[in-house]
Amino acid sequence: MRIGVVTFPGSNSDVDALNALAVAGVEPVSLWHESPDLHGVAGVILPGGFAYGDYLRAGVIARFSPVMRGVSDFAAKGGLVLGICNGFQVLAESRLVPGALLRNRSLRFASKIVAIKPQRLDSPFTHRSTGAPLHIPIAHGEGCYYADDATLDDIERNGQILWRYVRSDGTPALDPDDPANPNGSLRAIAGVCNTAGNVAGLMPHPERMSESILGSDDGMQLIRSFVDSAKAWETGR
Amino acid sequence: MSDMTTNPPAPAQPEPLHRQLGVTDGELDAIRGKLGRDPNHTELAMFSVMWSEHCSYKSSKPLLKTLPTRGHGIMAGPGDNAGVVRIGDGLAVAFKIESHNHPSAVEPYQGAATGVGGILRDIFTMGARPIAVLDALRFGDPTDPRTRHLVDGIVRGVGGYGNCVGVPTVGGELVFDPSYQGNPLVNVMAIGLLEERMLILAEAPGPGNYVVLFGSTTGRDGIGGASVLASATFADSDPNKRPTVQVGDPFAEKLLIEASLELIDRRLVEGIQDLGAGGISCASSESADKAGTGILLDLDAIPRREPGMAPWEVMISESQERMLATCRPENYPAVREVCERWGIPIALVGRVTTDGDIAIVEGGIGIDGLPNPGALEIARIAAKALTSDAIIHYRLATPPARRRQAPAPGIPLTAQDGLPERGMDPAAVLAALLGSPNLSSRRWVYEQYDACVQSNTVEWPGHGAAVLRVKGTKKALVATTDGNQAVSALDPYLGAQLSVAEATRNVSITGARPIGLTNCLNYGNPERPEAFWQLQEAVRGMGDACRTLGVPVTGGNVSLYNEYPGGAISPTPEIGIVGLLDDVSLLVRPPFTTEGDSVVLVGSSAPGLAGSAYAALAGLASEDAPPSLDLDREAALQSFIREAIGRGLVASAQDVSGGGLAVAIAECCMWGGLGANLRLGVLGSPAIELFGESPSRLVLSCRPRHAPAIELLARQFGLASATLGSVGGDRLRIELTGQGATGAAEERGSRVADALDVALVDLRHAWDHGLARALGVEPSAAESNPDPHAPDRPDASGRAD
């Protein structure tokens, strides 16, 4: 089975996604931004980085690239798409997932290990999670999740909030000023999915905590969930 | 205001052109000698940047030649863009440190950002993929508004560039010292990894080959950066110099990295050089001189970002993110294809020639490689006159009239325990040191840097040396920067030795073997004999230390003229070390790991508190001196710890440096979330034992059953050692015993109590918040979630405000 990782000019965490997929034992395929052809992959990762430099606003140019046409079509057919960090920003700009990512509340880039907790264990992106918080890094300047109250209520009701930043006792860091909420995200939202549940994005980097030598392999719970679901989806077709 | 950007700063009285460009009258005579005629404006501009201190090392070259540069596995060294050392498995590591001090003082964000961009280009120009950045930053008073402005801008600049380009910033330094008040230091080290077969040099071989320029277009930014800005003392925040600062585009650099490495990997280019200081003048003349060729440049073919640029501006522009490469004509279409795929402008700008000259024409070059009929030659200079044969100044070196000598080993102990007030609790001194601007947690800084992109980071910033695994092997690279300006101000020879000793020790205590040293020498105006003497002494000290410790110097950078109207900086030898750990599973870190482990001190203390953090806090006896260094003992200590770690005897290891033994142990406790119960024998002064910074010491922890073997091994290396006690609890207790402890010391007027006893939570609080308090910034949140390397324990989490 093959999983695609998109490389936009300026993507830099594509190497981390490719590495984590190799750890998961699947064949990673690099997808170039200029072609909408996804080469028959069973799932797509939009990686972290600064696509097209992100000088205007994170993800805003990448959404117009040819590969995103392919990704949108793929998602519409039920294919699994995971956006990590800049990839999440691209998905949000593309309206493939709800909400927007604003500048961090601190107005500074934030790089640290955070704790996020899966909010449901029956989604394609979380079903192999233990349910305990994952300790994985963030590295972003624009990761403050924002949506209007109606949207927030909607996605909460629909179970579209997949991960929340949590405190050391496991409770969500709902206060935007809580130190466990690293960017001031509303309702402590670290990652969400679309209504169909096959497109998800999150700001933290599970693919960078893929091996114990790097501190932990917590991130592989998420990557393996995604890979297994992609495998099942491909088999089901 | 366009005049301001097109011309060098206009002096009050009209001066001859050469002086406006920073060329002395004597140098002008030498230029006439090289050319056999008067230079024209373009040629003079080219000489001015190439003969600048920054590009020519005209003052420091005779000194640098004395450094030991040979060593095992060295593939490239001084004179190349970066040092390259083999690490086995067909791989090699490229690394170098460089300064961007004056640009950062003028325009902090762009100055620091382009400092990162410049050093990264030095790495990938060698064929290596950049895998890490370390930033060594030095400022004046942290409470001063201008310092705060510089810190904020420079930290944002380093992060803004490194984060975007996708290279993790994994370590460095942040030091405050009054001498940097008007002249901050921004030294950036970069590390790259390459397959040996990828190594490529900055040459322009093969007459007839094409010379291509790719990357960003050429504009008026950074005109005179090397000559006017980097090679002269400068006044505080002179706005007229802002146009001499380059502007960085990390997105363009990211594309340049990918395109350059693809060109090298596919062997489409014969040689490649980045455009940094001195712009196209420097890249073309160095590439030609190295290959023994010449280059004919077609000025009209150089893509500009603005109209109306004079030839001399094009030739010395320091616009960023540009590369000059040589390729065979038949490979040019493929070179074009690669650049275009990455969206990078590329232009065929010249040919490699046989005449050894850099010749510049307007009016184009024909397909025969000769200037078109009617083309105008606007400059012609022998490449070597600009580079290897540039002027050298043998400067006068004079020691200052009054200076302190380091005490000879074995001189009688004197008590220097002037704690601030009588009866002061050493625990309070320890907390004050841990909360001081130079020793407190650097979290506020490094949390603004992506530390883990590329999935190699084994040891995150904050706890000593950076550790990066080498994918596909069991190996890891260990890297650190250290520079001791406080002792250098008193004794530049000793200060440089101490800097090398500390940097190598920081690598050795992880179990790694230092394989190469890069250095950034930040000194004052070399035309002042006293400043030049400091540089001379530092190079001598660095060389002696490298020879004894067996570490080759693989390259570096000299930054002179670090002076401002308020004075000169303290001499600052910034040392970057890369070490190799053969088996990353044997990596040892500083934090205590296990309750009940034994704590062993290896090495012995010497008198002298001058230059220490304690002296800065508590004041100093007037005739005190820095502690001495015995390089043989330092070498023995480092061999000992690598051997002990290799035998699997060591659970944790930490070197004793800033703040002394008490701070070193406190860090092991805080970072491990474990206390300790210790007894420390005091012969002379408690302040020296607890807070003195004599070198060649380390604190390790081990299983109790291994302590005798470790002490025996230490004796075999001729080192003193003592088992101080054990790890455990939630307090740090150090009981002082022996003739120097309270009873006897009190009679001599000692002011130190007989024990240091403090809750870790209090130390942690001081350490966590010290920097943010000093800078007046929002304190970074205390760790609310466990860091994978510092598991959350009740004592380690820090106290909320």
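Mentor: Two strands pair if DSSP finds at least two bridges between them; strands (E, at least two residues) and helices (H or I, at least four) are DSSP runs, numbered from the N terminus. This is a predicted model, in which local features need pLDDT of at least 70, side-chain atom pairs count only at pLDDT 80 or more, and totals for chains, interfaces and linings use all residues. Residues are numbered from 1 along each chain as its sequence is written, chains are lettered from A and ligands numbered from 1 in the order in which they are written, and side-chain values use heavy atoms, leaving out hydrogens and water.

Trainee: In which sense do strands β4 and β6 of chain B pair?

Mentor: Within this pair, Arg129(B) has Leu193(B) of β6(B) as its bridge partner. Over 9 bridges, strand β4 (residues 129–139) and strand β6 (residues 185–195) of chain B pair in a sense that is antiparallel.

Trainee: Which are the edge strands of the sheet in chain B?

Mentor: The sheet is open and mixed, with 6 strands in the order β1-β2-β3-β6-β4-β5 (chain B). Two strands pair on one side only, and these edge strands of chain B are β1 (74–76) and β5 (169–176).

Trainee: Which strands does helix α8 of chain B touch?

Mentor: The direction of helix α8 (residues 108–124) of chain B makes about 30° with that of β6(B). Packed on the sheet, with contact meaning heavy atoms within 4.5 Å, α8 of chain B touches β3 (91–99), β4 and β6.

Trainee: At what angle do the axes of helices α16 and α23 of chain B cross, and how do the residues of their contact divide?

Mentor: The axes of α16 (residues 426–434) and α23 (residues 660–672) of chain B come within 10 Å and cross at roughly 75°. That makes α16(B) roughly perpendicular to α23(B), a label covering 65 to 115 degrees. Leu430(B), Leu433(B) and Leu434(B) meet Ala662(B), Val663(B), Ala666(B) and Met670(B). By kind, these residues are no polar, no charged and 7 nonpolar.

Trainee: Is His393(B) buried or exposed?

Mentor: His393(B) is found in the loop between α15 (383–386) and α16 of chain B, where it touches Glu27(B), Lys58(B) and Ser59(B), not counting residues up to four places away in sequence. Because its relative accessibility is 18%, under the 20% limit (exposed is over 50%, partly exposed in between), His393(B) counts as buried.

Trainee: How far apart in space are Phe251(B) and Glu321(B)?

Mentor: Phe251(B) lies in helix α11 (residues 250–265) of chain B and counts as buried at 14% relative accessibility. Although they are 70 residues apart in sequence, the C-alpha to C-alpha separation of Phe251(B) and Glu321(B) is 9.4 Å.

Methods. Axes fitted to C-alpha atoms, helices over the stretch in contact; angles between N-to-C directions. Parallel < 35°, antiparallel > 145°, perpendicular 65-115°, else oblique. Nonpolar A, V, L, I, M, F, W, Y, C, P; charged D, E, K, R; others polar. Buried < 20%, exposed > 50% of the residue type's maximum accessible area, 1.4 Å probe, protein only.
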